[in-house]
There are 2 protein chains.
Amino acid sequence: MRNVTIVHVAEKARVSVKTVSRVVNNEPTVTPQLRERVQAAIDQLGYAPNIAARRLGGSRSFLIVAFNDRRLTLENWRSDRGNNWIDRMQYGAMLRCDVHGYHLLCELIDLESDQLARRVQHVLSSLRPDGVILTPPNCEDPTVLEALKRAQVPFVRMGSAAAGPGARVRMDDHAAARQLTEHLVGLGHHRIGFVTGSARFLASRAREDGYRQALAAAGLPVDETLLVPGDFTFEGGVSAAEALLSRPDRPTAILAGNDETALAVMHVARRLDIAIPNALSLATFDDTPSVRLSLPPLTTVRQPVAEMAAQAVDLLVAAAAKDGKLSRADHLLPFELALRASTAPPP
Amino acid sequence: MRNVTIVHVAEKARVSVKTVSRVVNNEPTVTPQLRERVQAAIDQLGYAPNIAARRLGGSRSFLIVAFNDRRLTLENWRSDRGNNWIDRMQYGAMLRCDVHGYHLLCELIDLESDQLARRVQHVLSSLRPDGVILTPPNCEDPTVLEALKRAQVPFVRMGSAAAGPGARVRMDDHAAARQLTEHLVGLGHHRIGFVTGSARFLASRAREDGYRQALAAAGLPVDETLLVPGDFTFEGGVSAAEALLSRPDRPTAILAGNDETALAVMHVARRLDIAIPNALSLATFDDTPSVRLSLPPLTTVRQPVAEMAAQAVDLLVAAAAKDGKLSRADHLLPFELALRASTAPPP
DNA sequence: CGTTCCACTGAAAGCGATTTCAACCGAAAT
DNA sequence: ATTTCGGTTGAAATCGCTTTCAGTGGAACG
């Protein structure tokens, strides 16, 4: 019973090794009759193809590598309230890997290490995965991207709007901003401030566009003075919030470009004694834990992490099955609105 | 530069393939001079041995599989407050894998599935890992254990005191109970109740022993009537707590056999209007999130999950390097006391 | 000085799949 | 009736490493 190989199956089914291989790989040119006989032998013997041999003989490894940042991972479980991005990514990826007969291999990398390029290259060359999944912050790291490109391994960047090599899978920032704005409009808000994100990121533009579009669709004018540039940092958020909230005709609601910015807005509001959500509604993006656990918890957009990972796996597997080339496409996935206590009708 | 194999290294270093292999595997019988020449070639070429070929040619696969329960995983990240056992396990395991040149492969299994045995067997026979790490609740599942035993793959059960095949790595329940009791004694408690755990589990006995030993060491008498049997369930905890707390000479502190029991004690205390920690101190084991987030948060023992995983990897790698046999040893690791608001000096 | 032995190095045979390519067979075409 | 062809099947080479075993040279020994 131990060590059942393709040869055993072939003997039992009285066919050649190659025919068994055809059945296992679902190749079309096998007569139904033979296929059935072979399948029966496989089932009876409990045969499962050896992945190492498959990799060595063929062109695929049936392996997908996910690089996780070591510091982030450590921070996550240390803090007891870390975001669960990695878990959700793994879960989604594993489920799809399973379906495709693939396996997910998680590797820790340290973006701060001077051995980073070497490390990535070693992992790739010893594992020779069919594809790599990158999550923030790895998917923005030039060293990692360069190493992947040099190794010519297909990869998907998850949850990052940054331009660059490899395919991208992320949520639809435009639609997210639109829906968040619609939510505020639906509550009765007319004057909605927007602390925009850093212009370097595509996501910022998309979010601003979504905001404008939602207002236009609601027949509301866009007051350009309510659009204040932020830069995704707390400090930037503070100045922007001060500008918005110290005006006599201050907005009744604010959309923050990201979570960090939102926390800054909360900070300023508290200082100015503006109650959230009674005097000011606040909504933001990303749904990091700090925002979920803040007082009050903030209304945000929740990224479909598991779904993104699933899609990433699908893309990589499809590429491997074809020619090992992955198009540089940009895939947008629907997201989830987390309506929480920070948004309410205007005063 | 692409696809550097051992042959290329051998040619560059002007030695045989076998010698390169010896250097890579750190075999002793290579002269320092040769070793250096080979190592230089390896570094210059950026060579990393192909894991698939290594597995196929040799007896090791350099792979360790960790089985995670699908439902638990899903529940964890859905609930937004799941315990981070899995993350911590992965982190610890990965770090050690890295050191040994191994790779960690996480696989989801569904304990409820009727395909469970098949699934486990398939994973093992296609991956042929050098070892398997089992976490609760997988490490108690007879189907999984049976499949592992039949496949003759070494495995480590983490965090479970249950007897059975495979090696175990867990915390020292005896010492944990002792320290928890000492903590209570240190606060000034003399009458400390103990709702013991289910007698089926070795951990229960160990905890009870630790409790007794701590009392003895402090020169306190053991009042046998303060030891009430629980069974690790909420209901069992309720009856035990009622028995303890309705006495006129009720204890000023209670040690609960596990977290579930502790929650039951809290429940009863609240009903009887006994304030924690003012009128009653409460401490427990396991540190599941429910206990961390309860009001007040409970003093507990925190399992050294990452360290246990690291040890598990070390054991498996050592076994693979030797003869592929893993002794059935039981390894105890030090733990961490989480002193929280549920324990205070007696009234 | 020849033999034995040890320490080191290398040649060749797998490991279990895929890939390539040749062989086969019956049906359609000539 | 023979050739041709498309669709199936199988034989053998191959992937990159380890394992096994044979060989080589020099020190130690009689």
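In this tour a residue counts as near a molecule or strand if one of its heavy atoms lies within 4 Å of it. The model is predicted, so that local features need pLDDT of at least 70 and side-chain atom pairs count only at pLDDT 80 or more, while totals for chains, interfaces and linings use all residues. Residues are numbered from 1 along each chain as its sequence is written, chains are lettered from A and ligands numbered from 1 in the order in which they are written, and side-chain values use heavy atoms, with hydrogens and water left out.

**First stop: DNA strand D**

Select DNA strand D and the 27 residues that surround it, of which the closest are A:T19, B:I6, B:K18, B:S21 and B:Y47. Of the strand D atoms that come within 4 Å of the protein, 67% belong to sugar and phosphate. Now show the side chain of A:T19, where an N or O atom is 2.6 Å from a phosphate oxygen of the strand; this is a polar contact, a term for a pair of N or O atoms within 3.5 Å, with the added demands within protein that one atom must be able to donate a hydrogen and the other to accept it, and that residues adjacent in sequence count only if both atoms are side-chain atoms. Two places to look at on the bases are A:R22, whose side chain has an N or O atom 3.1 Å from a base oxygen, and B:A53, where a backbone N or O atom lies 3.5 Å from a base nitrogen.

Next, colour α2 (17-24) and α4 (51-57) in chain A and in chain B, since each of these helices supplies at least two residues of the surface near strand D (helices, H or I, of at least four residues and strands, E, of at least two are DSSP runs, numbered from the N terminus). The largest share, four residues, comes from α4(B).

**Second stop: DNA strand C**

Move to DNA strand C, which has 27 residues around it, with A:I6, A:K18, A:S21, A:N25 and B:L34 coming nearest. Here the side chain of B:T19 has an N or O atom 2.7 Å from a phosphate oxygen, and a polar side-chain atom of A:Y47 lies 3.0 Å from a phosphate oxygen of this strand. For a base, select B:G57, which has a polar backbone atom 3.2 Å from a base oxygen of strand C. Which helix gives the most to the surface near strand C? It is α4(A), with four residues.

**Third stop: where chains A and B meet**

Hide the DNA and select the 47 residues of chain B that are in contact (heavy atoms within 4.5 Å) with 47 residues of chain A. Four salt bridges cross this interface, a salt bridge being a side-chain nitrogen of Lys or Arg within 4 Å of a carboxyl oxygen of Asp or Glu. To view a salt bridge here, pick B:D98 and A:R119, whose closest N and O atoms are 2.7 Å apart.

**Last stop: A:A253**

Finally, centre the view on A:A253, which is in strand β8 (residues 253-256) of chain A. Is A:A253 buried or exposed? A:A253 counts as buried because its relative accessibility is 0%, where buried means under 20% relative accessible area, exposed over 50% and partly exposed in between (1.4 Å probe, protein chains only). Leaving aside neighbours within four places in sequence, the residues in contact with A:A253 include A:L184, A:H189 and A:L280.
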